[in-house]
Amino acid sequence: DDEIFLQLESMIDIDNLMDFYITQLYFANTDFPENNNRMWRPRRQGAKWRWLFYDCEAGLHFAKSDKLLAYSNAPEDKENTPEWAVIILQQMLYNDSFQKQFYNRFISYMSNEFAPEVVIDKIHEYEKFYEPLMRDHIYRWNYPNCIDKWKENINVIEKFALQRPVYLNFQLQKLFEKPFSVYPNPSYGEFNIKFYGASTNKCYKIFDLSGNKIHEGEINDNDTFHFEKFLPVGIYLLQITMDQFFYIEKIIIQ
């Protein structure tokens, strides 16, 4: 309910909530949300609750992990995650406006802060920083037990960085559908594409059912793109590319 949601906004830092959960879900943190789940706020009138991000070494391992199931009220996740740990975000996702904001913000992060090349650059930055210290660390703690094992662990999180956005994008589509809509569909040759995300790099291709490319082009930064080149009667496949992700939508011309 929008009225109740406004009350929540006065109590919770909504941007912080979204950033926190997006990060935890990207990390595929297996020690969350039933553990390491804390909130804080200053002791003053009107202060908002925020989430505390900590103890995340159980992440960056399982690129296929679908922690989104816990927030979609999915029956297959009922036994895995207690309700108290997911109820705040789960209920907020019933609000259409918040759901669109959350989805858009998620897509934006995966195309920018969590893009594979950005994350791998950061991994290499820390690798270079810590490498001179690792022999002393191994000698003192014997964990990992050798430099080769440490390098192997780095390869694991590099592989995660490459794969995670692909699996997450599929999971987000399954839960929230595509980040755009096509209307009218069916149409008489012209149609519009309404975007819900913040991507600035968008283009389209149209194929017939034999796989022949009929049209292609770039899409400007507007929220709505109008396709005005009339297509013959038939069924086509519209491919939308947004940053490194692409989506397929069937369009019908009658």
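These legends go with a set of close-up views of a predicted model.

**View 1. A nonpolar patch sits on the surface.**
Five residues make up this patch: Leu209, Ile235, Leu237, Phe246 and Ile248. Taken together, they offer about 460 Å² of accessible area. Two strands, E8 (234–242) and E9 (245–253), chip in at least two patch residues each. If you want one residue to start from, try Ile248, which belongs to strand E9. Ile248 is partly exposed, and its relative accessible area comes to 39%.

**View 2. Strands E5 and E6 form an antiparallel hairpin.**
Strand E5 covers residues 202–208 and strand E6 covers residues 213–219, with six bridges between them. To get the register, find Ile206 and look across to His215 in E6. The turn has four residues between the strands, and Gly211 adopts a positive phi near 90 degrees in this hairpin. Over on E6, a salt bridge joins Glu216 to Lys213, with 3.0 Å between the closest N and O atoms. Both ends of that salt bridge are partly exposed: Glu216 has a relative accessible area of 46%, and Lys213 comes in at 43%.

**View 3. Arg50 and Asp13 meet in a salt bridge.**
The N to O distance here is 3.0 Å. Arg50 sits in strand E2 (residues 50–52) and Asp13 in the loop between helix H1 (2–11) and H2, so this pair ties together parts that lie 37 residues apart in sequence. Is Asp13 buried or exposed? Asp13 counts as buried, because its relative accessibility is 18% and the cut-off for buried is under 20%. Arg50, for its part, is partly exposed, with a relative accessible area of 26%.

**View 4. Lys174 and Asp66 make another salt bridge.**
Their side chains come together at 3.3 Å, N to O. This pair links distant parts of the chain: Lys174 belongs to helix H6 (residues 147–176), while Asp66 is in the loop between E2 and H3, 108 residues apart. Lys174 is exposed at 53% relative accessibility, whereas Asp66 is buried at 19%. Across the structure there are nine salt bridges.

**View 5. Thr23 is a buried residue of helix H2.**
Helix H2 runs over residues 14–27 and includes Thr23. At 17% relative accessibility, Thr23 counts as buried. Which residues does Thr23 contact, leaving aside its neighbours within four places in sequence? They are Phe53 and Phe114.

**View 6. Ile87 is a partly exposed residue of helix H3.**
Helix H3 takes in residues 83–92, Ile87 among them. The relative accessibility of Ile87 is 33%, so Ile87 counts as partly exposed. Now bring Ile12 into the picture: Ile87 and Ile12 are 75 residues apart in sequence, and their C-alpha atoms are 14 Å apart in space.

**View 7. Here are two cysteines, Cys56 and Cys203.**
A disulfide is a covalent bond between the sulfur atoms of two cysteines. How many disulfides does a search of the whole structure find? The count is zero. Cys56 is partly exposed, with a relative accessible area of 26%. Cys203 is partly exposed too, at 25%.

Notes. Residues are numbered from 1 along each chain as its sequence is written. This is a predicted model: local features need pLDDT of at least 70, side-chain atom pairs count only at pLDDT 80 or more; totals for chains, interfaces and linings use all residues. Side-chain values use heavy atoms; hydrogens and water are left out. Patches are made of residues with over 30% relative accessible area and no salt bridge: like charges are joined within 9 Å, nonpolar side chains (Val, Leu, Ile, Met, Phe, Trp, Tyr) within 5 Å. Accessible areas come from the Shrake-Rupley method with a 1.4 Å probe; for residues, only the protein chains shown count as cover. A salt bridge is a side-chain nitrogen of Lys or Arg within 4 Å of a carboxyl oxygen of Asp or Glu. Buried means under 20% relative accessible area, exposed over 50%, partly exposed in between (1.4 Å probe, protein chains only). A disulfide is a pair of cysteine sulfur atoms within 2.5 Å. Two strands pair if DSSP finds at least two bridges between them. Contact means heavy atoms within 4.5 Å.
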